[in-house]
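User: I'd like to go through how the labels on this model are earned. Give me the cut-off each time, then the verdict.

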Amino acid sequence: MWKKTVTGSALRGSIAAICGIAFLLFGYDQGVLGAVISLPSFRDEFDNPNRNLEGIIAAIYDLGCFFGAVVAFLTADRWGRKGSIAYGSWIMVVGTILQTTATEKIQMIISRIVTGIGNGINTVNVPIWQAESFKSQNRGAMLVIQSALIALGHPLSTFMGLASSQAEPSSFSWRWPIAFQGFFLVIILCVLPFLPESPRWLVSHDRVEEATVVFAALEGKTATVNDEKVLRERDMVVASVQQERELGEASWSEVFTEGKNRNISRVLLGAGPYMSGINSLAYFLPITFERNIGLDPQLALIISGVLGVQYFLVSWLPYFFIERAGRRLVLMLSAAGCAFCMVMITVMLEINTYASNWVFVAFCFLFFDIFSWGILPVSWMYASEIMPLRTRNKGVALGVGSHWLSNFVVVYVTPGAIDNLGPNLYVIWAVLNASFVPITYFFYPETARRSLEDMDQVFLNERFGITKCKKPGPKKSGMDSNSDSDAERVPYGGDGKAAAQSFMATSVM
């Protein structure tokens, strides 16, 4: 049970560190199977799985994540943020043990589902806990860090697979990278009991005195429960929770009704450009290099790891321009750039010479870079910036569910599509990315520097869904600079469920 032994920056840093480890684990999970699935010992263990079985083993994890996310939205308010993360982590421990010890295909499939369920619970609750424990003015930086750590997890799993592959033909070569997930989980489970529950969750369950103690601890060592700043922060969260109770929770029928608030339009826009092809590459990057251009498995792992490191480094750049340039411009430029990369990838595979194969690799690098500069950061933010407060919780649930189901479909079909469609697979992704440009121009309103009330008015003024709001809002100065949304008027305990949607969008990596 948490006791007020660590306060201020040390406490906030501890919460950020545990959340960071959870984000790193998420990225690691996405890449680890791709790092080991082509190893001879793995293929021998599971009777040389065909392309269909490869897709099932990889994609079933996303289906587990979908069910885990559903469980999280149904139970998170009852279990609390910390309790939910603990449950999710223990489920992942069980899944990791089952994966590591798997000797049959069915055990590997079931264990992937179990791991996915635990991860689905955590991907909902970790960002909520973090957002509700930090001041909202730090949210932009936190989102960049989240994305970067997820990106870092991918090359970490790739290089782990490369290092352990030296143990071939021993099964240690594929069991160890999978077992290494437990390292992150042990840290989370050991440190979590010593950290506080979300103060917003405590307030929402009428445990205001406990929440006040947490606010004081987050503020610093010298702060007390009677300090004016602490009481002001508590009162603002209490008022926000009361407002949500008065508004009530929208029904599912209301979410799927257009009405004057254009609810269903906002849900569809918030679903975002997930089908960009990023998961088709990210989950199977070493296999992509092996089967498309015939690289040696070791070299494919090295190049995949280097690509992941580069992706991690460049994923920080949007922090410097996303607010100034606006969402629409960076999304359109990124989508156009990604479409161009997919066209060039297709052309290089059709040419199929030694030189064109390496140009193909170069455009894979460029695709990840351009994706991280636009589609990825916009997908972080957009849904939480356009959903009205009354329908936000269910809108977030729909966004999370659609994300995992689309991931499942893409990951499942990719191994077979590489063989059966060849270069034409990347034509599909080129067309989808290109389509995002006119769709964004005509239908996506600009949200940068606009409050939720501003966005409500934007949607009310549209005709036939065509947006007139194409530029960022006016710059704010002084005290207004940190008031870009309703949630940001609350120092602590901001809109955690919107943060969950933002985090889920980062998982397109």
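User: What makes the contact of D419 and R51 a salt bridge?

Analyst: The label asks for a side-chain nitrogen of Lys or Arg within 4 Å of a carboxyl oxygen of Asp or Glu. The side chains of D419 and R51 meet at 2.3 Å, N to O, so the pair fits the rule. Keep in mind that this is a predicted model, where local features need pLDDT of at least 70 and side-chain atom pairs count only at pLDDT 80 or more, while totals for chains, interfaces and linings use all residues. Residues are numbered from 1 along each chain as its sequence is written, and side-chain values use heavy atoms, with hydrogens and water left out.

User: Where do D419 and R51 sit in the chain?

Analyst: D419 is in helix α21 (residues 392–420) and R51 in helix α3 (residues 51–79), so the pair links distant parts of the chain, 368 residues apart. Helices here are DSSP runs (H or I, at least four residues), numbered from the N terminus. Both residues also belong to a salt-bridge network, together with R43, E54 and R291.

User: Why is D419 called partly exposed?

Analyst: Buried means under 20% relative accessible area, exposed means over 50%, and partly exposed is in between (1.4 Å probe, protein chains only). D419 comes in at 40%, so partly exposed it is. R51, at 28%, gets that label too.

User: What about R175, buried or exposed?

Analyst: R175 has 16% relative accessibility, so it counts as buried. Its salt-bridge partner is E45, with the closest N and O atoms 3.3 Å apart. R175 lies in helix α7 (residues 172–179) and E45 in helix α2 (residues 40–45), so this pair ties together parts that are 130 residues apart in sequence. E45 itself reaches 24%, hence partly exposed.

User: How do you know that R232 and E228 pass as a salt bridge?

Analyst: Their N to O distance is 3.9 Å, so it makes the cut-off. Both sit in helix α11 (residues 228–247), four residues apart, about one turn of the helix. E228 is at 64%, so it is exposed, while R232 stays partly exposed at 42%. In total, the structure holds eleven salt bridges.

User: Why does V309 qualify for the nonpolar patch?

Analyst: Patch members need over 30% relative accessible area and no salt bridge, and nonpolar side chains (Val, Leu, Ile, Met, Phe, Trp, Tyr) are joined within 5 Å. V309 has 33%, so it is partly exposed and clears the area cut-off. The patch also takes in F159, L299, I302, V306, L313, Y354 and W358, for about 730 Å² of accessible area together. Two elements give two or more residues to it, α16 (297–314) and α19 (354–373). V309 is in α16, which supplies the largest share, five residues.

User: What makes a void count as a cavity, and how many are there?

Analyst: On a 1 Å grid over the protein atoms alone, a cavity is a set of points where a 1.4 Å probe fits but cannot get out. By this rule there are four cavities of 30 Å³ or more. The largest has a volume of about 70 Å³, where a volume is the space filled by probe spheres set on the points, joined across faces, edges and corners. Ten residues line that largest cavity, meaning they have an atom within 4 Å of a point, and A22, F23, N119, N122 and V126 lie nearest its centre. The elements giving two or more lining residues are α1 (8–36) and α5 (105–133).

Key:
Patch = residues over 30% accessible without salt bridge, like charges linked within 9 Å, V, L, I, M, F, W, Y side chains within 5 Å. Areas by Shrake-Rupley, 256 points an atom, 1.4 Å probe, with all protein chains shown as cover. 1 Å grid on protein atoms, 1.4 Å probe; cavity = no way out; pocket = protein on both sides within 12 Å on 5 of 7 lines; lining within 4 Å.
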